Amino acid sequence: MSRKLRMAMIGGGKDAFIGAVHRIALNMDGQVEMVAGALSAVPAVAIESGKMLFLDEDRIYTDYKIMLEKEAAMPADKRIDFVSIVTPNFVHFDPAMMALEKGFNVVIEKPITFTLEEAKQIKAKLDETGLTLLLCHTYTGYPMVKQAKQFLKSGALGKIRKIYVEYPQGWLSTFLEGTGNIQASWRTDPKKSGKAGAMGDIGTHAFNLAEYVTGLEVTHLCSNINTVVEGRLLDDDGAAFLKFNNGATGVLMATQIAAGEENNVKIRVYGEKGGIEWKQEDANTLLVKWLDKPAEIYRTGGGYNSSFAAHNTRVPAGHPEGYLEAFGNLYRNFVLTVRAKMNNEQPKDEWLDFPSVNEGIRGMAFVNNVIESGQSEEKWKEFTL
């Protein structure tokens, strides 16, 4: 197959934050062409948004169901290959399932669905169809996060003992949803966001980062969940103690009321021989701290890095690679995998290194477990799927 993959977007119209990020990411490598869209639930906005992106007028839709029906009926040389779903949480499941049923691969924002049961249904449909799904946990796309994963996988630090992961934000320190702010309004609305606020929005990122980097799985947790801002309907602050399947313990913190913080995602992992540290505010650096020798600094673009880090590095050492490039890496690996499967070829391991439905299921289980523990008097609970 010697052409760009064709895609359609659901949600993400004008003035939407994450839709624009997706479009930058999918265009970064020249492998994808956006040919259709149902970009808003408001018909006038959907049409205006499609025109702003220069889509053909007959492929600008005001209803994603109509779009998927019509796109599926198109000839092979025009039909889309995948859809990107960039809607609020409560509009994830239905378009994803319909897209899979129509034979389209799927890119979807996190958390994957509104409920855990919906996530399991998506997995069953993927198993049935053999199609591919990308779940957009952006932080797994950074080269030094991939280097951290491979470094720990090598056993260089010995058995992992302790994990600290944190995601502080400050943008919801006031009752922003009361001002008409669209992003704040849906993220704090249980009818649109689900049972969790901060823990669903950014806590799932922290949880995913801890499991991705270490290769471990949480088996038990004990959480404290807070709603700090008066009048808010969902949690805006919380923390959890974690137990992992190798005996390690950890601490997770996610808050959106840390006034002055932006998106300071950070992870520290300690083993028998030393520890590693990565933070998004210095994303090109992976710090390795040893028990019995000087610390080492790994940098994006260094020739000593793993093939996974090298594959996801875009520019020479010293040039900053950030959020957009990490997002682009997710899309590139997804596209390379889909293209290989369409050509009946085996994707390389580096291409397959992106979050998918299993991470989505565990993310939804995290939401369930962390909220249940936070509301319980007993606190410690087994992590259940």
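Is lysine 125 counted as buried or exposed, and at what relative accessibility? Lysine 125 counts as buried because its relative accessibility is 14%, where buried means under 20% relative accessible area, exposed over 50% and partly exposed in between, with a 1.4 Å probe and protein chains only.

The model is predicted, so local features need pLDDT of at least 70 and side-chain atom pairs count only at pLDDT 80 or more, while totals for chains, interfaces and linings use all residues. Residues are numbered from 1 along each chain as its sequence is written, and side-chain values use heavy atoms, with hydrogens and water left out.

Lysine 125 belongs to helix H5, residues 116-129; helices (H or I, at least four residues) and strands (E, at least two) are DSSP runs numbered from the N terminus. Leaving aside residues up to four places away in sequence, lysine 125 touches Met97, Leu100 and Glu101, contact being heavy atoms within 4.5 Å.

An open sheet of 5 strands follows the order S2-S1-S3-S4-S5 with parallel pairing, and two strands pair if DSSP finds at least two bridges between them. Strand S2 (32-38) and strand S5 (133-135) stand at the edges with a single partner strand each, so one side of each has no neighbour in the sheet. From one strand to the next the twist averages 20°; axes are lines fitted to C-alpha atoms, for helices over the stretch in contact, and angles run from 0 to 180 degrees between N-to-C directions.

Helix H1 (residues 17-27) packs on this sheet, touching strand S1 (5-10), S2 and S4, and its direction makes about 175° with that of S1. Helix H4 (residues 93-101) also packs on the sheet, where it touches S1, strand S3 (82-85) and S4, at about 160° to the direction of S4.

The table lists strand pairs with their bridges.

| Strand pair | Sense | Bridges |
|---|---|---|
| S4 (residues 105-108) and S5 | parallel | 3 bridges |
| S7 (residues 218-226) and S8 (residues 237-244) | antiparallel | 8 bridges |
| S7 and S14 (residues 381-382) | antiparallel | 2 bridges |

Within these pairs, valine 106 stands opposite leucine 133 in S5, cysteine 222 has phenylalanine 241 in S8 as its bridge partner, and leucine 221 stands opposite lysine 381 in S14.

The largest nonpolar core has 81 residues, with Ile122, Val213 and Ile276 making the most contacts inside it; such a core is a set of buried Ala, Val, Leu, Ile, Met, Phe, Trp, Tyr and Cys residues joined through side-chain atoms within 4.5 Å. Apart from the largest core lies another, of 24 residues, among them Val32, Met34, Ile60 and Phe82.
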